[in-house]
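This report describes selected features of one structure, moving from backbone geometry to strands, helices and enclosed space. Please read it with the sequence and the model at hand.

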Amino acid sequence: VSTQSTGGMNLFLSVLLAILTISASFLSSSHDQQILQGNWITHRVSRRAVVDSGVNWALDRLNQVTHSLDGKVDFVANGDVYVVGSGVRATHSELGDRVRKGYSEDGSDSREDCGAGHLSTGASSIVGGMNLGLSRDTNIIPVKVSCSNSVSYSALSRGLQWVERQIRANSPHRAVVLIAIPNFPMVPELNTLAQDTLVVVPAGDDAANNCNAFKSLDTTGVVVVASSDINDAQSSHSNYGACVDIWAPGESVTVASSSSDTEAATRESSTVYAAAAVAGVAIKNLITMNQLEEPFLTKSLITSHSTKGALTLSKAASKVNTVNKLLFDICPYYKLVDHGKCYVAQ
């Protein structure tokens, strides 16, 4: 064998060894291993983050496995989110000009929030707020069905029927439906929507196992979300139970105020805000992978690639087999960036 051939082989082996060393280092991360073992993401791509010392802690918590907050968030966006609740304050600076004309049960302007709290406007800011949200360019479409924290059966049915018609006509497979009401009836339209569209609902704010209320839900396309706090503990107000699919930050979070065009409401708590975080992650990360065409697949990706075992749950929650899965914002760590969109490597 010639000296030249031997030298070439040695160079090749050196390069191969370097590649394997880098790969081993990459695989050392526990969350990397967890995702890779799921046979979903096959290689890591560069991370692009925005550093903001004033970032909402709830958003910061979602893009890392450990509890330490690093002040980094990613803002990537697309699609439509239908926010079913008390209307959305369209003039709030967090939402810019992205609140579209929606539906109103009583004929009033859907782009005005009639709620006593900040739930619908606040939830919208978590989904798509310029500073407080996950998906800066997402369109918010308000569905105004109630001015309280509950809603009647007939009002919710009519509102969701309108949503179904709108999605079919304007944004098939590019939308998420968020129920921004903590207490709502299980109308059949929820299941009808979930056949083709991801529906995200709050577990409720009664600090109880309320899963009997969810028995009629088609669980394949509906995500039930409970609330956690800044210490990765179960929120004291949050419902729990075997019907819960995932947990997300929903206690003492900062959201857009429904009573001002510029102010933020701080220390706000509800499973509605936790559900809004799930809706934001879904529209932000999964729409560009065409996963929203199959709601059950979108739900599976969100729940299976969550951070496992991170939460401190109450004895009551653990006793009834409540999952210990914390929402993880997939995109910041595994993506290709093309014109502001997030693609998970296949």
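Serine 252 sits in the loop between strand E9 (246-249) and strand E10 (253-256), and in this predicted model serine 252 has a positive phi of about 55° although it is not a glycine. A second residue with a positive phi is alanine 207, which is likewise not a glycine and has a phi near 55°; alanine 207 is placed in the loop between E7 and E8. Most residues other than glycine have a negative phi. With regard to solvent, serine 252 is partly exposed, its relative accessible area being 24%, and alanine 207 is also partly exposed, with a relative accessible area of 39%. Because buried means under 20% relative accessible area, neither the 24% of serine 252 nor the 39% of alanine 207 falls in the buried class.

The loop that holds alanine 207 follows on from the strand pairing around E7. Strand E7 (residues 198-202) is mostly covered, five of its five residues being buried. In a regular strand the side chains alternate between the two faces of the sheet. In E7 both faces are covered, since Leu198, Val200 and Pro202 on one side are buried, as are Val199 and Val201 on the other.

E7 has strand partners in E6 and E8. Three bridges join strand E6 (residues 175-179) to E7, and the two run parallel; within this pairing, leucine 178 stands opposite valine 200 in E7. Four bridges join E7 to strand E8 (residues 222-228), again in a parallel arrangement, and here proline 202 stands opposite valine 225 in E8. Valine 200 and proline 202, which have these opposite numbers, both belong to the set of E7 residues that are buried on one side. The connection from E6 to E7 involves helix H6 (residues 188-194), and E6, H6 and E7 together make a right-handed β-α-β unit.

H6 also takes part in the largest pocket, to whose lining helix H5 (153-170) and H6 each supply at least two residues. H5 gives the most to this lining, with three residues. The lining as a whole consists of Glu164, Ile167, Arg168, Pro172, His173, Thr192, Leu193, Asp196 and Thr197.

Apart from this pocket, the structure holds one cavity of 30 Å³ or more. The largest cavity is lined by 15 residues, of which Ser86, Gly115, Leu119, Ser148 and Asn149 lie nearest its centre. The two spaces are set side by side below.

| Space | Volume | Nonpolar lining residues | Polar lining residues | Charged lining residues |
|---|---|---|---|---|
| Largest pocket | about 170 Å³ | three | three | three |
| Largest cavity | about 80 Å³ | five | nine | one |

Leu119, one of the residues nearest the centre of the largest cavity, is also among the buried residues of H4. How many of the residues of helix H4 (residues 119-128) are buried? Helix H4 is mostly covered, with 10 of its 10 residues buried, and these are Leu119, Ser120, Thr121, Gly122, Ala123, Ser124, Ser125, Ile126, Val127 and Gly128. An α-helix has 3.6 residues a turn, so residues three or four places apart point the same way. In H4 the burial takes in every residue of the helix, and the buried set includes glycines as well as Ile126 and Val127.

Note on methods:
Residues are numbered from 1 along each chain as its sequence is written. This is a predicted model: local features need pLDDT of at least 70, side-chain atom pairs count only at pLDDT 80 or more; totals for chains, interfaces and linings use all residues. Side-chain values use heavy atoms; hydrogens and water are left out. On a 1 Å grid over the protein atoms alone, a cavity is a set of points where a 1.4 Å probe fits but cannot get out, and a pocket is an open set with protein on both sides within 12 Å along at least five of seven lines; lining residues have an atom within 4 Å of a point. Grid points are joined across faces, edges and corners, and a volume is the space filled by probe spheres set on the points. Ala, Val, Leu, Ile, Met, Phe, Trp, Tyr, Cys and Pro count as nonpolar, Asp, Glu, Lys and Arg as charged, and the others, Gly among them, as polar. Buried means under 20% relative accessible area, exposed over 50%, partly exposed in between (1.4 Å probe, protein chains only). Two strands pair if DSSP finds at least two bridges between them. A crossover is right-handed if, with the strands pointing away from the viewer, the path from the first strand over the helix to the second runs clockwise.
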